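Welcome! Below are some exercises, each followed by a worked solution. Keep the structure open beside you and try each task before reading on.

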Amino acid sequence: MVSVGDRVLQGKDGIYGYAVCTKRVSTSRIDVVFENTNGVRLGCNIGDFTRGALKDYFYPSMYGIGYLGELYAYKLSKDFDKSIQSRWNDMIRRVACTDVNVDNSRMSKCYLATCSDDFKNFSKFVDWVYSCDNFSDLLEFSKITGVAYCLDKDILVKNNKHYSAETCSLVPAPINNLIDFSNTHRGSYPLGVKLHSGGVAVYVMFGRDILGLPRYAKIFNFKKCNINPNKDYYIALADKFYSHYGLSVAQYQKCAIGMAFEDFCIEKKKYMKDVANLYKNYELNGKIYNLLSNEAYNSIINWEFDISD
């Protein structure tokens, strides 16, 4: 016989701690609360309670951070698309990453990300996804074309490391990959700029396959750039990058580096705007799909690169 106030350890080796009976619902069902998390479960089987077989859906079982929440604990009937689970799992995995190279954060394999309390709760994350006005179109578009949708944390807030309802948006995968923030392989050169294999120039190159265009590519020869009348301006631009990251490069390279970065900014922003316009109202089979929120679209259209990015 189970009475209100009875306590039983739950889970293997008591991993969920004590659950306390708070109400007798029927002869076979009770409501409980877990002492460790204050997580509530409604209408639990008495036999499961006495055997310690109840699961606390507010216990952070996902990497010690995320938990399933109300959809499971309260047996809510909402039928959510299963793709949402993988997006949430990936976010929590990134937040939980601890493989940080503190001596060289530019080369770290970690995202150094955090997330809001609501996003740690899978049930609330599901609610947020369905509140996004472009989700239904993204989902349908994905099933028709195979183009996945992504949870993006970088477009709305530049250099953002925090996942939340205020800082994130749902976007098609090509949009998610549109802005390259990775400095893992950047080495000693700014965003979009690489050293030419011959060692006499730097170059800018990026793909434009989303629009079916050939790669953009342009070479900046060190010797030719150093006779540019605006040489001092471009050297100062390059110096901003090297002082920011504490790196160094030969002085004769700096004018070309500055010119290459400026060219990258101009051409990449043109491409980004064209892609944003494509996905904002994407026409397919006679239907217009709204694949970008207004906030994400405006952020891309007005994007500004900085050499210290």
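**Exercise 1. Work out how helix 9 and helix 10 are oriented to each other in this predicted model.**

Solution.
- Step 1: Find the two elements. Helix 9 covers residues 231–245, and helix 10 covers residues 254–280.
- Step 2: Take the geometry. The helices pack at an angle of about 85°, and their axes are 7 Å apart.
- Step 3: Compare with the cut-off. Angles of 65 to 115 degrees count as roughly perpendicular, so helix 9 and helix 10 are roughly perpendicular to each other.
- Step 4: Look at who makes the contact. Helix 9 contributes K231, Y233, Y234, I235, L237, A238, D239 and Y242. From helix 10 come K254, C255, I257, G258, M259, F261 and E262.

**Exercise 2. Classify the aromatic pair of F119 and F125, and say whether each residue is buried or exposed.**

Solution.
- Step 1: Start with the total. The count of aromatic pairs comes to 22.
- Step 2: Check this pair. The ring centres of F119 and F125 are 5.1 Å apart and the planes stand at 85°. Planes over 60 degrees apart count as edge-to-face, so F119 and F125 are an edge-to-face pair.
- Step 3: Check the burial. Buried means under 20% relative accessible area. F119 has 2% relative accessibility, so F119 counts as buried. F125 has a relative accessible area of 1%, so F125 is buried.
- Step 4: Try another pair. F241 and Y242 are also edge-to-face, with 4.9 Å centre to centre and 85° between the planes. Both F241 and Y242 are buried.

**Exercise 3. Describe the surroundings of strand 10.**

Solution.
- Step 1: Judge its cover. Strand 10 spans residues 201–208, and 6 of its 8 residues are buried, which leaves the strand mostly covered.
- Step 2: Turn to strand 9, residues 193–195. Strand 9 runs antiparallel to strand 10, and 3 bridges join them. Here V193 stands opposite V204. The two strands form a hairpin with 5 residues between them, and G199 in the turn has a positive phi of about 80°.
- Step 3: Turn to strand 11, residues 213–221. This strand is also antiparallel to strand 10, with 7 bridges joining the two. The bridge partner of V204 in strand 11 is K218. Their hairpin has 4 residues between the strands, and G212 takes a positive phi near 70°.
- Step 4: Put V204 in place. V204 faces V193 of strand 9 and K218 of strand 11.

**Exercise 4. Which residues form one aromatic cluster with F206, and which charged end sits over the ring of F206?**

Solution.
- Step 1: List the cluster. F206 is joined by Y216, F264, Y271 and F305.
- Step 2: Look for the charge. The charged end of K268 sits over the F206 ring, 5.4 Å from its centre.
- Step 3: Compare with F80. Over the ring of F80 sits the charged end of K82, 4.4 Å from the ring centre.

**Exercise 5. Where does strand 8 point its residues, and which strand is joined to strand 8?**

Solution.
- Step 1: Sort the residues of strand 8 (residues 169–172). S169 and V171 point one way, L170 and P172 point the other way, and all are buried.
- Step 2: Find the partner. Strand 6 (residues 149–152) runs antiparallel to strand 8, with 4 bridges joining them.
- Step 3: Pick out one bridge. Y149 has P172 of strand 8 as its bridge partner.

Note on methods. Residues are numbered from 1 along each chain as its sequence is written. This is a predicted model: local features need pLDDT of at least 70, side-chain atom pairs count only at pLDDT 80 or more; totals for chains, interfaces and linings use all residues. Side-chain values use heavy atoms; hydrogens and water are left out. Buried means under 20% relative accessible area, exposed over 50%, partly exposed in between (1.4 Å probe, protein chains only). Two strands pair if DSSP finds at least two bridges between them. Rings of Phe, Tyr and Trp (its six-membered ring) pair if their centres lie within 6.5 Å; planes under 30 degrees apart count as stacked, over 60 as edge-to-face and the rest as tilted. A charge sits over a ring if NZ of Lys or CZ of Arg is within 6 Å of the ring centre and within 35 degrees of the ring normal. Axes are lines fitted to C-alpha atoms, for helices over the stretch in contact, and angles run from 0 to 180 degrees between N-to-C directions. Angles under 35 degrees count as roughly parallel, over 145 as roughly antiparallel, 65 to 115 as roughly perpendicular and the rest as oblique. Contact means heavy atoms within 4.5 Å.
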